[in-house]
Amino acid sequence: MAAGANRYDVVVIGAGPGGYVAAIRAAQLGMKVACVEKRSSLGGTCLNVGCIPSKALLDSSELYHLAESRFKIHGIRVDNLGLDLPAMLARKDKVVKELTDGVRFLFKKNKIAAIEGVAKIDAPGKVSVRGGEVGDVSLEAPHIVVATGSVPVELPFLKFDGKTVVSSTEALCFDRVPEHLLVVGGGYIGLELGSVWRRLGAKVTVVEFLPRITPLADVEIGGLLHKSLAKQGLEFQLETKVTGIELRNGGATVKAETNHGGSLSYSCDRVLVAVGRRAFADKLGLEELGGKVDPKTGKVAVDERYRTNVEGIYAIGDVIDGPMLAHKAEDEGIAVAEIIAGKPGRVDYDTIPSVIYTWPEMASVGLTEEQAKSKGLTYKVGKFPFLANGRAKAMDETEGLVKVLADSRTDRLLGVHILGPRASDMIAEAVAVMEFGGSAEDVARTCHSHPTLSEAFKEAALAVDKRAIHM
Ligand code: FAD
Ligand code: NAD
């Protein structure tokens with residue numbers, strides 16, 4: 001173990017799900033660890049302005065929507081229903097505070113030094129920290145892990161002003177429900193935060209450049225999500241790009257062009273730009289030391305052991321290649337700590353699930369049908385609708401289906417795509433089966449509790465060989 005107050009075995013830069021998990025795992029493995037974070041609270045984008053606050057608002061707004069339009073189906077009458085937005089936002093902030101404080105507690109428990117300030121790598125093994133409460137600090141460690149995450153992409157003709165033209169960060173705390181929220185980008189953030197504000201009463205228009213929303217999803221399942229969100233009142237304008245904005249007091253007129261040459265104009269009071277995120281390794285000093293950073297995407301180049309091309313410097317999470325997801329960052333955090341400790345840490349990139357937390361939720365793992373086709377694989381498809389699932393009926397949540405793709409020759413699962421209630425939780429079973437190289441037959445012969453939503457997965461697996469029982 002390293003000796004001296006500012007000498008560590010590992011210095012992690014960034015306390016998001018990549019960085020804080022790497023720090024904890026390294027400490028568990030007996031290393032002396034410091035984690036530098038420029039925010040005053042730990043947890044990174046995910047806990048402060050990402051996964052957690054967005055899910056808190058999705059859950060609250062879904063309850064509001066249920067109370068407004070669905071409780072009556074269950075025989076529950078609610079008179080004088082009202083929205084207390086400040087209380088809803090305060091609950092979200094409380095959830096964030098409890099979880100970010102929780103990371104601080106875990107750091108204490110694992111004897112990790114949490115150092116506030118902006119880190120710069122001065123040389124291999126040397127990190128300086130500026131702007132923190134305790135003044136400037138110099139740290140030394142043979143291993144430095146860059147986990148500096150990502151930031152929202154800004155469009156040149158639609159600059160963030162934090163009030164009218166905003167990123168997800170501000171869209172998590174609008175002080176009133178917008179009258180008309182224009183969302184640029186029909187991906188994760190646009191659909192999740194668009195759903196939140198739609199449920200709370202805003203008119204929401206999503207402008208998407210491509211011919212479909214969720215462009216990377218299985219086309220059939222993404223199409224069903226589109227229909228469902230449109231039924232909930234979200235408006236979509238596909239194949240359209242925003243070209244400019246005129247700001248006026250409290251609002252804006254946004255100009256757009258369709259890919260077929262048509263011009264459009266939207267009068268709105270808020271514009272959420274959600275066109276992706278850029279990896280963030282700015283002013284870190286890595287490039288000066290010879291580290292490779294892609295000028296377009298900001299991504300830091302690493303090898304399969306998360307090593308940059310500078311001795312002793314590793315990178316993980318959103319700042320490197322791959323999906324920008326918290327669970328991917330966490331798994332890389334564990335892997336890099338184990339690699340530094342001389343263990344065989346690894347991440348299986350073929351089984352990283354993705355979830356869009358709209359309602360119904362859309363969750364998937366593995367290949368989409370389009371990917372299976374383009375790889376020239378021969379596959380069988382099994383589908384099962386929630387309409388025929390007893391628990392979904394009991395919940396009155398019958399929208400959506402489970403779709404299973406299995407290799408025609410080996411029956412091995414290639415991909416699973418779910419649109420439906422609690423798809424986010426259901427997908428875990430598919431991930432586990434795929435991680436073990438399991439087949440549709442394995443799922444079909446696994447006993448599933450009754451009545452549960454997960455029986456729809458078993459039935460879809462049975463449907464691969466056309467032997468679903470309840471359909
Ligand atoms: P980050 O969480 O971005 O953390 C990096 C940290 O490094 C930051 O705290 C930053 O302040 C710090 N930092 C940067 N530079 C320095 C420096 N020089 N010195 C000191 N500190 C520095 N993913 C999911 O899997 N599920 C979701 O439901 C989900 N929802 C999301 C919702 C929203 C609105 C957003 C924006 C993102 C969401 N994500 C979600 C993505 C998820 O937040 C990221 O994939 C995840 O946070 C990446 O983790 P990370 O540790 O790589 O980086
Ligand atoms: P995204 O990549 O999910 O979606 C961006 C969308 O914007 C795409 O559909 C793209 O075609 C479209 N687009 C790009 N440029 C455009 C333009 N000029 N005009 C109109 N449309 C345009 O990005 P995001 O929604 O900003 O989210 C960023 C990242 O954060 C996600 O990729 C994801 O990794 C992460 N995230 C994950 C979750 C989750 O896991 N549930 C939730 C939120 C964010």
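A polar contact, as I use the term today, is a pair of N or O atoms within 3.5 Å. Keep that in mind for both ligands. One caution before we start: this is a predicted model.

Let's take ligand 2. A backbone N or O atom of Ile-189 sits 2.8 Å from an oxygen atom of ligand 2. That falls inside the cut-off, so the pair is a polar contact. Val-355 also uses its backbone: one of its polar backbone atoms is 2.8 Å from a nitrogen atom of ligand 2. Then there is Ala-274, with a polar backbone atom 3.5 Å from an oxygen atom of the ligand. As for cover, ligand 2 on its own has 830 Å² of accessible area, and the protein covers 79% of that.

Who else is there? The shell around ligand 2 holds 22 residues. Ile-189 and Val-355 are among the nearest, and so are Glu-192, Glu-208 and Met-324. By class, 14 of the shell residues are nonpolar, four are polar and four are charged. Helix 6, residues 188–199, gives the largest share, which is three residues. Which domains feed this shell? Domain 1 and domain 2 each give at least three residues.

Now ligand 1. Its shell has 39 residues, and the nearest are Glu-37, Arg-39, Thr-45, Lys-55 and Ala-326. Glu-37 works through its side chain: a polar atom there lies 2.6 Å from an oxygen atom of ligand 1. Ala-119 offers a backbone N or O atom, 2.9 Å from a nitrogen atom of the ligand. Leu-325 does so as well, at 3.2 Å from an oxygen atom of ligand 1. How much of the ligand's accessible area does the protein cover? The figure is 94% of the 1000 Å² that ligand 1 has on its own.

Several elements build that shell. Helix 1 (17–28), strand 2 (33–37), helix 2 (44–49), helix 3 (51–69), strand 4 (118–123) and helix 8 (326–340) each supply at least two residues. Helix 2 gives the largest share, four residues. The classes run to 18 nonpolar, 15 polar and six charged residues.

Next, the domains. The assignment gives three: domain 1 is 10–152 plus 278–349, domain 2 is 165–275, and domain 3 is 360–463. The centres of domain 1 and domain 3 are 31 Å apart, taken over C-alpha atoms. Their contact takes five residues from each side. Together they bury about 400 Å², and carbon and sulfur atoms give 26% of it. Which three residues supply the most of domain 1's buried area against domain 3? They are Arg-70, His-74 and Asp-348, with 70%.

Last, some backbone details to check on your screens. The peptide bond between Trp-359 and Pro-360 is cis, with omega about 0°. Pro-360 is in the loop between strand 19 (354–356) and strand 20 (361–366). Another cis bond runs from His-450 to Pro-451, with omega near -5°. Pro-451 lies in the loop between helix 12 (440–444) and helix 13 (455–463). Finally, look at Asn-80. Its phi is near 55°, a positive value in a residue other than glycine. Asn-80 belongs to the loop between helix 3 and helix 4 (85–109).

Key: Residues are numbered from 1 along each chain as its sequence is written. Chains are lettered from A and ligands numbered from 1 in the order in which they are written. This is a predicted model: local features need pLDDT of at least 70, side-chain atom pairs count only at pLDDT 80 or more; totals for chains, interfaces and linings use all residues. Side-chain values use heavy atoms; hydrogens and water are left out. A residue is near a molecule or strand if one of its heavy atoms lies within 4 Å of it. A polar contact is a pair of N or O atoms within 3.5 Å; within protein, one must be able to donate a hydrogen and the other to accept it, and residues adjacent in sequence count only if both atoms are side-chain atoms. Accessible areas come from the Shrake-Rupley method with a 1.4 Å probe; for residues, only the protein chains shown count as cover. Ala, Val, Leu, Ile, Met, Phe, Trp, Tyr, Cys and Pro count as nonpolar, Asp, Glu, Lys and Arg as charged, and the others, Gly among them, as polar. Domain bounds come from an automatic or database domain assignment. Contact means heavy atoms within 4.5 Å. Buried area is the accessible area (1.4 Å probe) that two parts lose on being put together, summed over both.
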